[in-house]
Amino acid sequence: MMGTLTLARLEMLRVLRNKRYLIFTAGLPAALYLALGRSHGTSYGVEFRAFYMVAMASMGAFSGALTGNAQRISQERKDGWVRQLRISALPASSYVIAKILASLVTLLPSLVLVLLLGRFYGGVQLPVPSWIIIAVSVWLGSMIFAALAVAIGYRFMPDTVQPMTMLIYLLMSVLGGVWFALGGTMQKIGQVLPTYQIVKIGTHVIGGGGVPGSAVAIIAAWLAAFVILAAVSVRSTVERI
Amino acid sequence: MSDRETGPAGGAPVVSFEDVSKVYGQVRAVDHLSLELRRGETVAFLGPNGAGKSTSLDMLLALRKPTSGQIRVFGDSPYHAVKSGLIGAMLQSGGLMPEVTVRELVGLMAKAHPRPLPVDDTLRRAGIADLAGRRVDKLSGGQTQRVRFALAIVGESDLIVLDEPTTAMDVESRQRFWDSMRAEVAEGRTVLFASHYLEEADQAADRILVVNKGRLLADGTPAEIKKRAGAKRISFRLDGVDETFLLGLPALVNLEIRRDQVHLQSSDSDRTLYALLDAGCRPRELEVSSLGLEQAFLAITAQDDAVTAVTAPAALRHQHQQEKETVR
């Protein structure tokens with residue numbers, strides 16, 4: 001356990017030493033919010049500035065969990081780091097556990113930054129429990145994408161991973177209604193995506209409602225699916241490490 | 001085959017392969033391999049391209065499963081032996097975590113080891129104390145190799161497995177590496193290393209396993225391996241060289257003639273030489289010498305391949321590099 005936690009700590013240090021990652025995950029959502037966060041209008045029945053805060057927080061979290069992790073895992077398999085860990089005394093599960101722990105921790109700056117901007121730049125006023133629900137749903141929702149990153153990183157080579165995660169990122173952003181609110185057919189399609197449901201929890205809570213059970217169910221289903229996919233990927237590549 | 005049935009410590013062998021095979025589709029990478037390592041031995045694993053060395057080490061380290069047969073390490077499964085820190089290993093194909101310092105990386109592996117040694121000690125023993133604060137991804141090939149070695153000795157592992165440990169090291173680093181290796185052995189550890197530097201195996205190992213096509217061809221001390229290849233080299237000058245006559249000499253293995261200079265290899269140098277003298281020849285500048293391990297090794301594998309072993313060592317190394325590439 002000590003080894004796994006040390007590995008997780010090193011993973012976090014690496015991420016925080018990587019400027020490009022920080023700019024992409026924390027810088028981009030914050031910059032977009034600064035650019036558009038004071039626009040007027042309503043989306044999904046709440047003020048745009050509140051919707052956009054939830055949307056940007058979600059985007060930073062899931063893009064960070066997906067793109068960074070998938071690329072690194074794939075590259076580290078190729079470079080033999082995963083092999084090196086396999087021949088060490090570290091438990092077999094350490095690598096994946098450390099990746100997910102590190103991912104959860106390193107997403108916090110981006111999440112906190114966007115919520116702070118929402119509060120003090122966008123002027124979003126919410127009771128404390130609502131803030132907590134929004135933060136926790138976005139934060140834990142990112143685990144779906146950390147699991148997907150493991151599945152992709154274990155199965156594909158780095159040069160395939162790059163366009164693949166980019167495509168998933170675009171689909172999840174646009175169809176999930178993260179970049180702009182959806183309507184009509186697009187919304188019907190988008191509803192099945194976890195990104196849509198994460199944003200939905202946020203807007204529901206902001207609108208004074210509770211957490212929709214259907215959203216939680218859909219998110220849980222995606223998480224279960226990607227965790228299984230990740231486990232299958234890890235198992236099936238055991239002899240190809 | 002081996003004359004070391006009784007290890008100093010007795011008990012279970014450090015490593016045992018019992019009739020181990022590994023098959024990939026049509027290819028039999030390891031073919032009914034059986035061997036045992038005893039405590040305190042330094043064993044070299046030698047073999048040409050595709051001999052199954054890497055696959056064997058991979059199976060020993062639980063990276064791959066044998067298709068059939070059984071591997072035990074201290075009487076336990078390879079996986080358990082690795083995870084309980086009984087084996088410290090260094091693979092050619094092992095990568096390192098980038099963006100962290102050498103000390104952070106060595107510290108991580110020490111934390112994971114059930115019987116860790118102080119990180120400063122490990123850094124010193126691996127000769128990388130001066131690199132402690134450097135970032136792992138900013139090191140040269142030889143330095144990276146020493147960091148890999150440090151990871152193999154972060155704890156008190158009883159067996160150290162090294163795959164081509166001195167690749168990418170210059171002569172001086174190689175010397176230092178084997179000096180530190182000898183210190184590990186002096187503490188009672190068992191060392192198994194694969195190498196393509198035959199002179200290195202000759203100097204560092206007290207036992208050599210020669211493998212080819214996944215099978216064990218020879219097992220013995222470097223001296224025994226050289227003897228096993230059978231041949232001695234006889235050189236002399238002779239006026240009026242008669243090639244047909246020389247080819248008729250007993251126990252002749254190989255013959256080379258350059259004007260009056262004759263080099264021949266014989267599986268029984270005494271008989272060959274007496275026959276030469278009995279025929280009335282009076283060779284000058286006569287020299288009888290043993291084959292080096294390199295020729296012995298080539299001779300053993302060539303007997304097995306049933307092809308002439310004229311492959312230059314450089315070509316052997318080149319092939320080996322290619323093998324490494326494809327393993328990745």
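Phe45(B) has Ala194(B) as its bridge partner in strand S7 of chain B. That pairing is a good way into this predicted model.

Start with the two strands that meet there. Strand S3 of chain B covers residues 42-46. Four bridges join S3(B) to S7(B), and the two strands run parallel. A second strand also pairs with S7(B). Strand S6 of chain B, residues 159-163, does so over five bridges, again in the parallel sense. One of the residues involved is Leu162(B), whose bridge partner in S7(B) is Phe193(B).

How does the chain get from S6(B) to S7(B)? It crosses through helix H6(B), and this β-α-β crossover is right-handed. Helix H6(B) takes up residues 171-186, which makes 16 residues. Its length can be checked. At 1.5 Å a residue, H6(B) should span 22 Å. The C-alpha atoms at its ends are 23 Å apart, so the expected and actual spans agree. Just after the helix comes Gly188(B), with a positive phi of about 90 degrees.

Now look at S7(B) itself, residues 190-194. Is this strand mostly covered or mostly open? It is mostly covered: five of its five residues are buried. In a regular strand, side chains alternate between the two faces of the sheet. Here Thr190(B), Leu192(B) and Ala194(B) point one way from S7(B). Val191(B) and Phe193(B) point the other way. The residues on both sides of S7(B) are buried.

Step back to the whole of chain B. It has twelve helices and 13 strands. The chain holds 328 residues, and 43% of them are buried. Many contacts reach far along the sequence. Among contacts between residues at least 6 apart in sequence, 69% join residues at least 24 apart.

Finally, turn to where the two chains meet. On this interface, 23 residues of chain A are in contact with 24 residues of chain B. Which elements of chain A give two or more residues to the side that touches chain B? They are helix H1 (2-17), helix H3 (48-79) and helix H4 (81-86). H1(A) gives the most, with eight residues. By class, this side of chain A has ten nonpolar, six polar and seven charged residues.

Key
Residues numbered from 1 in each chain as written. Chains lettered and ligands numbered in written order. Predicted model: local features only at pLDDT ≥ 70, side-chain atom pairs only at ≥ 80, totals over all residues. Contact = placed C-beta atoms within 7 Å. Nonpolar A, V, L, I, M, F, W, Y, C, P; charged D, E, K, R; others polar. Expected span 1.5 Å × (residues − 1). Buried ≥ 20, exposed ≤ 12 C-beta atoms within 10 Å, placed from the backbone. Pairing = 2+ DSSP bridges. Right-handed = clockwise from strand over helix to strand, strands pointing away.
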